[in-house]
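Student: Could you take me through one part of this model slowly? I'd like to see how one piece fits in with what's around it.

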Amino acid sequence: MKTINFVALTLVLLLIFNTKSNAQNSTEKIEYNTWSVSVSGGSMLFYGDLRQFDFYPVSKQNAKDWYKTTQDITERQMGFGLSVNKQLTSFIGVQGFLQSGKLSGMRKVANAYFNASFLSYGANAYLNLSNLFSPIKVNQKFKLYGILGVGFIDFKTKQQKLSDDATLFSYGYGEFGQESKKTTEVMIPVGLGVKYKINKRFDIGLESTINNVNTDKLDARVKQNTAKDKYGYTSFVLTYKIGKNDKSLEWVTPKEMESDELAPKFAAINKKIDSLGNKLNEIDNKVNVLQKDVADLKNPVKEADDDGDGVPNSKDLEPNTPKGNLVNFQGITIPKTSSSAGLNQPQFSIFFTVNSTVIDAVNEEKIASAAAMLKANSDLKFDIVGHADKTGGQVYNQLLSEKRAKAVYDKLIKSYGIDASRLSIVGKGITDPISSDILGVNRRVDFLIKK
């Protein structure tokens, strides 16, 4: 009786906890599916006085070999179940259950066997052991859980002789064998289960419970100083999760819940950053137009390139470069070497304003020089390496460095007709700064010759 009171008290406390939890979380935007229904079917095994062995179930052939009984007796029977489930937290849930099945057992030395049919119902609390022991794991596919509950069992049972099938005793039957009111007793289920998540709507699992019945009447054989009867139910369980949300609470770990709660905040921050970035890009575009207009006024005619190395005479520090030599953006010859030394050094770089991927008119000339080098040297290939300064988040700056490299890559392909196979994009984020305090030089794209 103390055990029953304890279980009942536990269920009440869980319901109170759920009410408080709902009140505290009523303002949260993230919602999960918390209701589900399950159907089950599997094996029923009786454990009590009329059981031949502790673990191995006896078949009907054994009974016929022993006493030539005409009855088809087997200790393994079938049962079915239905439950409605409510997840209170990511760790704890409750369910109302209904089970129906048959139980049988026999004992050779007692020259007796029994058959019983029953209907059981009640409430279980189940503990998500996977979330308890692995709270930081995400995207779980398997879940281990424990079960503890309290309920009632309505049953009728009849004990008979193996030798001649004569009735010895019964509950739920009248004096002449006719059915009468079923016997009702308290029972306490205890068990373990494992589930596999098929998709966001369906789970499949295997569950095993020992149902402790508060009586010795289940096999119609009441004896002094013997343990009370119990039966095991091992079943396959199919669960359907009810609700319109993408996630169910029982499959969400505390780590995932924390991420889900922060997601709207990050989305709002990213939206503001994107808005600010768009405004800065608009300003950059206007400045680029003004710079281009000024450049056109200063250089109405394209500058000559007498040595044909791709660098205008006014910027060419080696005005007489031999034809075919590889030069940098200043027109200086890059020495040929059989080793890889120097290949990882940038030949030249172009720079960007804060949070920008726009290529201005000044840097357009450097890209034109790179295109000229590639066209003059058919074997030349470049790694286009993007960088960012240390302001902002690491993930955002990684993406920004990749976007800057992609902008240069696209310009060489679309505007200058360079074959994409000769170019590679690399994003290094904030990992390779030139200066620790002059942030402008870190917002750049380097041209590195590929080996």
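**A close look at strand 11**

Tutor: Sure! Strand 11 (residues 382–386) pairs with strand 13 (residues 444–449) over 5 bridges, and the sense is antiparallel. Here, two strands pair if DSSP finds at least two bridges between them. Helices (H or I, at least four residues) and strands (E, at least two) are DSSP runs, numbered from the N terminus. Bear in mind that this is a predicted model, where local features need pLDDT of at least 70 and side-chain atom pairs count only at pLDDT 80 or more, while totals for chains, interfaces and linings use all residues. Residues are numbered from 1 along each chain as its sequence is written, and side-chain values use heavy atoms, leaving out hydrogens and water.

Let's zoom in on that pairing. Phe382 sits opposite Ile449 in strand 13, and Asp383 has Leu448 of strand 13 opposite. Asp383 also stands opposite Ser424, which belongs to strand 12. Strands 11 and 12 run parallel, joined by 5 bridges. To get from strand 11 to strand 12, the chain goes through helix 6, making a right-handed β-α-β crossover. Right-handed means that, with the strands pointing away from you, the path from the first strand over the helix to the second runs clockwise.

How enclosed is strand 11? Largely, because 4 of its 5 residues are buried. Buried means under 20% relative accessible area, exposed means over 50%, and partly exposed is in between (1.4 Å probe, protein chains only).

Now step back to the whole sheet. This is an open sheet of 4 strands in the order 10-13-11-12, with mixed pairing. Strand 10 (348–351) and strand 12 (423–427) are at the edges with a single partner strand each, so one side of each has no neighbour in the sheet. From one strand to the next, the twist averages 20°. Angles run from 0 to 180 degrees between N-to-C directions, using axes fitted to C-alpha atoms, for helices over the stretch in contact.

Helices pack on the sheet too. Helix 5 (residues 361–376) touches strand 10, strand 11, strand 12 and strand 13, and its direction makes about 145° with that of strand 10. Helix 6 (residues 394–416) also packs there, touching strand 10, strand 11, strand 12 and strand 13, with its direction at about 165° to that of strand 12. Contact means heavy atoms within 4.5 Å.
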